[in-house]
Amino acid sequence: MCASLLACSQSVTKAGTPETSSPAISSGSCITAGPEICYNALDDNCNGPIDEGCGIDGGVVQFTIAWNESRADVDLEVTDPSGEVVDIGQVSQSGLSKDRDCPGSDDDCRGVNLENVTLAPEKELVQGKYLVTVRLESWPSGDEPVRVNLGVRLGAKTYSSQMTLVREKQERRFVFVL
Ligand SMILES: [Ca+2]
Ligand SMILES: [Ca+2]
Ligand SMILES: [Ca+2]
């Protein structure tokens, strides 16, 4: 298990059995890939904020996923240090909120599949353990793997991971300790 690591990840199948392969997390040495590109959940310009200037919320805490298949429903679930799961439209005890659930009903996300959890501007950064689960909730086609980017900003540190989800309910779990 990964209780004491700064950041670690675990791949879990529907039955809850860890898989042998874990997605890699890169952190620290951000390599600038040019200007910020919108909606890829990556800090392309290495300035800290993820997808800034793209009309999404940012801040000193930011968890963002983006994926390539617009019809796939991927979910970003963040549990804050108090143990509360961050929900849409509500501010958690640690001041986190989630902006939307994509793809959503009625084409809410207009083909731009991105979910974003951020710290409300007036809230203080809370130390502790942040749990992140990225889950392929539903994937009607199911014929192609869904590629998901996860970008995380926690204070002065940023992390990113690129993963592939194949089966419905397959998920990846990450732990970040601030
Ligand atoms: Ca940036
Ligand atoms: Ca970007
Ligand atoms: Ca979703």
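The dialogue below walks through a predicted model of one chain.

Student: Let's start with confidence: what pLDDT does the chain average, and over which residues does pLDDT stay under 50?
Tutor: Happy to! The chain averages a pLDDT of 86, and 84% of the residues score at least 70. Where pLDDT is low, the predicted coordinates should not be read in detail. The model does have 35 contacts beyond four places in sequence for the stretch under 50, which is residues 1–21.

Student: Now the overall build: how many helices and strands does the chain have?
Tutor: Reading along the sequence gives the pattern β-β-β-β-β-β-β-β-β-β. That corresponds to 0 helices and 10 strands.

Student: What share of the contacts with a separation of 6 or more comes from residues 24 or more positions apart?
Tutor: As background, buried residues make up 34% of the 178 residues in the chain. Among contacts with a separation of 6 or more, the share from residues 24 or more positions apart is 59%.

Student: Which residues touch the most other members of the largest nonpolar core?
Tutor: In soluble globular proteins, nonpolar side chains tend to be buried together. Here the largest nonpolar core has 34 residues, and those touching the most other members are I65, V74, V78, V134, V146 and V148. Strands that each supply at least two residues of this core are β3 (61–67), β4 (73–79), β6 (114–119), β7 (129–138), β8 (146–154), β9 (157–165) and β10 (171–177).

Student: Which residues is I65 in contact with, leaving aside its neighbours within four places in sequence?
Tutor: I65 belongs to the core group we just named. Beyond its sequence neighbours, its contacts are A41, V74, L76, L114, E115, V134, V148, N149 and L150.

Student: A41 is on that list, so to speak; is A41 buried or exposed?
Tutor: A41 is found in the loop between β2 and β3, and it has a positive phi of about 60 degrees although it is not a glycine. Y39 also has a positive phi, of about 65 degrees, and has its place in the loop between β2 (26–27) and β3. With 17 C-beta neighbours inside 10 Å, Y39 counts as partly exposed. A41 has 26 C-beta neighbours inside 10 Å, so A41 counts as buried.

Student: Why is β6 described as largely enclosed by the rest of the structure?
Tutor: In a regular strand the side chains alternate between the two faces of the sheet. In β6, L114, N116 and T118 are buried on one side, and E115, V117 and L119 are buried on the other. Its enclosure therefore follows from the count of buried residues, 6 of the 6.

Student: Which residue stands opposite V117 in β6?
Tutor: β3 and β6 pair in the antiparallel sense over 5 bridges, with A66 opposite L114. β5 and β6 also pair in the antiparallel sense, over 3 bridges. Opposite V117 stands K98.

Student: Where is the cis peptide bond that involves P103?
Tutor: P103 is found in the loop between β5 (96–98) and β6. Omega is about 5 degrees for this bond, which joins C102 and P103.

Student: Finally, which residue in the turn of the hairpin formed by β8 and β9 has a positive phi?
Tutor: β8 is mostly covered, with 8 of its 9 residues buried, and it pairs with β3 in the antiparallel sense over 7 bridges. β8 and β9 pair in the antiparallel sense over 9 bridges, with R153 opposite T158. The hairpin has 2 residues between its strands, and the turn residue with a positive phi of about 60 degrees is G155.

Methods:
Residues are numbered from 1 along each chain as its sequence is written. Chains are lettered from A and ligands numbered from 1 in the order in which they are written. This is a predicted model: local features need pLDDT of at least 70, side-chain atom pairs count only at pLDDT 80 or more; totals for chains, interfaces and linings use all residues. A nonpolar core is a set of buried Ala, Val, Leu, Ile, Met, Phe, Trp, Tyr and Cys residues joined through C-beta atoms within 7 Å. A residue is buried if 20 or more other C-beta atoms lie within 10 Å of its own, exposed if 12 or fewer, and partly exposed in between; C-beta atoms are placed from the backbone. Helices (H or I, at least four residues) and strands (E, at least two) are DSSP runs, numbered from the N terminus. Two residues are in contact if their C-beta atoms, placed from the backbone, lie within 7 Å. Two strands pair if DSSP finds at least two bridges between them. pLDDT is the predictor's confidence in each residue, from 0 to 100.
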